[in-house]
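Student: Pick one part of this model and take me through it closely, please. I'm new here, so explain the terms as you go.

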Amino acid sequence: MFTVLPHAARLGRRLAALALLGPAALAAQQPAAAPPAVPLSLQDALALARQNNPDYQAQRNDLDVARWQVRQANADFIPGASASTSFGYTASGERRFGSVGFGEQPSSYSSSYDLGLSLSVSGSKLLQPRLARAQQRATVQRVEGADATLTAQVTQQYLSVLQAQETVAQAERDLARTGEYVRLAQARFDVGAGTPLDVRRAEVQQGQAEVRLVQAQSTLATSLLTLGQLLGTPLSDSTTLSSQFRLFEPTWNAAELTERALRNNPLLVAARATSEAARTGVQAARSTYLPTLSFSAGWRGYAQRYGELDGLVSSQLRNMQPNYLGCLQQNEIRTRVGLATSPCTNPADPAVAAEIRNGLEDQNSAYPFDYTRQPLSASMTVSLPIFTGLQRELQVQRARADAEDARYQVRAQELRLQADVAAAVRNLQTAYRTAQLQEKVRATAAEELRLAQERFRYGAANSIEVTDAQTNLAEAERAQIDAVYNFHKSLAALEALLGEPLR
């Protein structure tokens with residue numbers, strides 16, 4: 001116990017009045033109102049990330065490719081259809097085929113069409129739909145794994161921003177406390193109860209608090225930038241996070257959580273789907289030893305037009321001349337034996353030349369689209385590769401190696417997941433216990449500061465005790481904030497391993 005002198009009592013009342021006036025004076029010095037806060041919940045942040053995050057959207061694009069691969073594999077059993085048309089020109093001149101000449105030919109124009117159906121069936125093609133569906137399932141699981149990874153990243157960064165906001169608020173409280181300390185030290189100095197050293201020590205404490213506030217504000221701005229990067233959209237400085245997280249005692253069993261993780265972990269499920277697709281790939285590689293059946297059918301037609309008809313008319317008339325002479329000889333023989341004669345076409349007759357010309361002109365009028373159809377053509381081919389330079393053997397071996405690698409990756413993922421879940425449960429329990437202890441430390445530090453301030457106010461303690469008490473309280477508050485958010489981050493990491501929420 002100690003006795004308060006009348007002078008000290010008057011000083012205490014003066015300092016108490018100054019302390020009451022302090023908050024009002026600070027409020028009068030506040031700047032203009034800040035822009036309205038923009039609330040952002042964790043669910044809104046996750047929705048924005050799934051909609052705008054470029055890395056995640058790039059993963060989602062693979063889903064469309066996988067769906068079309070399934071469609072294409074099924075469409076391979078529908079006959080392929082093709083249609084083509086062509087137009088050609090041949091100049092006049094002598095036509096030859098090897099050493100055989102066909103004489104002088106006029107220029108000609110040609111057109112044709114070709115309609116075809118084809119179908120090829122092989123062992124690998126029969127397995128393609130199954131392989132494509134397995135690969136599609138693996139792609140879906142990979143995208144879900146990317147979604148889980150994005151959820152974990154956004155949640156962790158969301159908690160980091162909340163932690164940074166709490167740290168800024170703590171730095172502001174610390175700065176306010178040091179400001180009160182400076183005023184108290186100055187008041188004591190003004191009435192002769194303090195020393196300049198007390199004032200300077202308080203001012204140093206206030207300067208350090210201002211530095212910590214500036215650093216905390218910078219950390220908050222950086223955390224918001226990182227969160228905006230994950231969300232795929234920038235966040236303003238007025239963004240406030242509205243989701244709240246409470247501290248609670250974790251009572252989960254590590255063995256039960258490990259079983260749930262082995263069943264639901266998105267990355268493990270994706271690895272298993274990839275392993276299944278790799279096993280299907282081995283069967284597809286083995287199917288290359290089976291024969292291939294190919295079917296085809298086609299419809300064709302052509303049309304032709306000659307550039308000059310005089311040469312063709314003359315050529316046909318010359319070709320008719322031997323027939324005409326032979327016909328005359330036959331008629332002479334028939335006349336001698338008393339038989340009736342046959343009519344003979346005289347190539348020198350102008351009517352014959354006109355008839356030939358008319359026929360060629362009718363044939364030319366069919367160009368370019370009045371085609372002369374060709375008979376239907378169809379074929380079936382059976383092929384069985386006997387030796388392909390060990391390409392099939394290499395393909396099968398590669399498929400087996402890929403399947404074995406995928407199986408080993410699944411096993412490695414399971415072992416890693418078991419260890420990670422056990423470590424995450426222990427970290428969560430440790431974080432909860434640490435948060436509880438840090439709360440007690442903070443309360444003790446706050447009481448220590450209150451007592452030190454009272455003792456300093458009445459002259460029973462020096463400024464060193466107040467400075468140490470304020471430093472201890474600031475460190476305890478920051479440690480408590482870190483401990484609380486380490487708990488929430490440990491819980492988010494455990495949820496990411498399980499692939500499902502726990503709160």
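Tutor: Let's start with a patch: it is made of residues with over 30% relative accessible area and no salt bridge, with like charges joined within 9 Å and nonpolar side chains (Val, Leu, Ile, Met, Phe, Trp, Tyr) within 5 Å. A salt bridge is a Lys or Arg side-chain nitrogen within 4 Å of an Asp or Glu carboxyl oxygen, and accessible areas come from the Shrake-Rupley method with a 1.4 Å probe, counting only the protein chains shown as cover for residues. This is a predicted model, where local features need pLDDT of at least 70, side-chain atom pairs count only at pLDDT 80 or more, and totals for chains, interfaces and linings use all residues. Residues are numbered from 1 along each chain as its sequence is written, and side-chain values use heavy atoms, leaving out hydrogens and water.

Now the patch itself: Leu115, Leu117, Trp299 and Leu376 make a nonpolar one of about 360 Å² on the surface. Leu117 sits in strand E5, residues 108–121 (strands are DSSP runs of E, at least two residues, and helices are runs of H or I, at least four, both numbered from the N terminus). With 37% relative accessibility, Leu117 counts as partly exposed, that is, between buried (under 20%) and exposed (over 50%).

For contrast, look at helix H6, residues 254–264, where Leu257, Thr258, Arg260 and Ala261 are buried. Down the H6 axis these fall within an arc of 165°, so they line one face of the helix; the arc is taken from the directions from the axis to the C-beta atoms. Turned away from that buried side are the exposed Ala255 and Glu259.

Notes
Buried < 20%, exposed > 50% of the residue type's maximum accessible area, 1.4 Å probe, protein only.
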